[in-house]
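Thanks for coming, everyone. Let's look at one structure together and walk through its ligand site.

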Amino acid sequence: MIQIQNYIDGALVPAVNGRTLDNYEPATGAVYSTLPRSNADDVAVALASAKRAFPQWKALGPEDRSKYLQKIADGIEARLEEFARAETVDNGKPLWLSRSVDIPRAVQNMSFFASAIRNFSSEAHPTTDNILNYTLRQPIGIVGCISPWNLPLYLFTWKIAPALASGNCVIAKPSELTPMTAFLFSQVCIEVGLPAGVLAIIHGLGAEIGSAIVDHSDISAISFTGGTTTGATIARNAAPVFKKLSLELGGKNATIIFDDCDFEDTLKTTVRSSFANQGEICLCGSRIYVQRGIYERFKNEFVERVKKLQPADPLIETSKQGALVSKEHLEKVLSYIQLAKDEGGTILCGGNQVFPEGRCANGWFVQPTVIEGLPYDCRTNQEEIFGPVVTIQPFDSEDEVVQYANSTKYGLATSVWTSNLTTAHRVAANLHIGIVWINCWLVRDLRTPFGGVKQSGVGREGGFEALRFFTEPKNVCISLQPGGSH
Ligand code: NAD
């Protein structure tokens, strides 16, 4: 049994209280490792170490910090297959996906911010009356990074890379459901000689270790990705101490398909945008709106393709769909399928739990499910399910579909499919949303602002947005007037 450990003060250690939690393999439903059940005592040890490390880490400067980040990127890349397998066993996602998306993107996150920090600069505001203002961008100090289970190492590194690059010391907490690759990551940090205290990775429950990080007055900023309800709790707890916050939260994304789309391309990508990673990506489209002229044809061909996505052991190379992350999440997804039926929806395909033969007979698998016949404002179409479940619905006019798309409390992402450039631009402008993809989905340039509006979040990640979040701007105003008469 693997015993995952915390990474504190440059070493791998158990929780101060010695307690552990079981860690499950979703594909088998069995416990395969343990993780520390840490609490505020572990945060206290990590903070003492971070305070010792901060002055030197800050003073190191972008070039040298960048080298550490790049070494970490190289260290992960050198163990890519081991990381990919670990991610799949821990999360349930297909191995090919971990190998081709999750782990390469974690490597890219580290190396992107290794480069970005060397190109980051701040503003100067010279004036005509012999005054120069310039902005210093300094690290905040010690910051907290809290990440979810759906893209474990991918989202973990997406936060800690800019935080470290900017010169902060970081106390990071991965999801208790998927701690394994963060543990491997801490091994890489030790291998490359990251100075002790610069990064701590502390494992445990959100309500225990997550809230201990949020509540601590010496942690000056929190970057959080996870559910909207958790985000609201964090915002409430952080507000009285005026902690800087970045919140990347839930979504209920629309896929808008016009009659004049490239049919084959739209069909192929919509299967992926609906069911990639078992639908457990905050950017997956879970409400598909198809214009009336192609509705029946699109629906029929879509359902035929979705039926081919049978869940199977994620370690098998041909597996198209893996397991859901936990028994609790499986039950939540199944309860939404029942809700859809209760609301009058028709299941066009899927709808059931699956029990593959062999080692995965007790795993947490659900068939990709397509539901028709529900109004846009019912609960199934308003609440985040975060699983392999989509609804499909026809629309007639552009105004109507924009209203459907904007109708939820979320505002993360939408993909729009049309060959009419004017329609595309107009719809993009009218969506109340953070990210719009036109004739594509999940195409990511790491320099672009990433995040949502409404209850999908506060703030933006990505590129210089992230470096700005993790630094404090300080204005310096100098008089250039001889004699200083200003
Ligand atoms: P979650 O909110 O349950 O947990 C996220 C993290 O927060 C975990 O590490 C958890 O331990 C921790 N946590 C829980 N309670 C806490 C508390 N009171 N204080 C501090 N930390 C706490 O979310 P999840 O189930 O892990 O992830 C799924 C959710 O994340 C979905 O809603 C999904 O849409 C969202 N998500 C959003 C994005 C985005 O970029 N907007 C990306 C991925 C996932």
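First, a term: helices here are DSSP runs of H or I with at least four residues, numbered from the N terminus. One caution: this is a predicted model.

Now the ligand. Which pocket does the ligand take up? The space taken by the ligand is the largest pocket. Which elements give two or more residues to the shell around the ligand? They are α6 (206-215), β11 (221-225) and α7 (228-238). Helix α6 gives the largest share, four residues.

Step back to the domains. Domain 1 covers 2-249 + 456-475, and domain 2 covers 253-438. Both give residues to the shell, so the ligand lies between them.

What kinds of residues make up that shell? There are 13 nonpolar, 12 polar and four charged.

Next, the neighbours. The ligand has 29 residues around it. W149, E176, T230, L249 and E384 come nearest.

Take E176 from that list. One of the polar side-chain atoms of E176 is 2.6 Å from a ligand oxygen. Two glycines use their backbones instead. For G206, a backbone N or O atom lies 3.4 Å from an oxygen atom of the ligand. For G226, the backbone N or O atom lies 3.2 Å from a ligand oxygen.

How much of the ligand does the protein cover? On its own, the ligand has 850 Å² of accessible area, and the protein covers 88% of that.

That's the tour. Over to you for questions.

Notes. Residues numbered from 1 in each chain as written. Predicted model: local features only at pLDDT ≥ 70, side-chain atom pairs only at ≥ 80, totals over all residues. Heavy atoms only, no water. Near = heavy atom within 4 Å. Polar contact = N/O pair within 3.5 Å; in protein donor to acceptor, adjacent residues only side chain to side chain. Areas by Shrake-Rupley, 256 points an atom, 1.4 Å probe, with all protein chains shown as cover. 1 Å grid on protein atoms, 1.4 Å probe; cavity = no way out; pocket = protein on both sides within 12 Å on 5 of 7 lines; lining within 4 Å. Sits in = over half its atoms within 2 Å of the grid points. Nonpolar A, V, L, I, M, F, W, Y, C, P; charged D, E, K, R; others polar. Domains from an automatic or database assignment.
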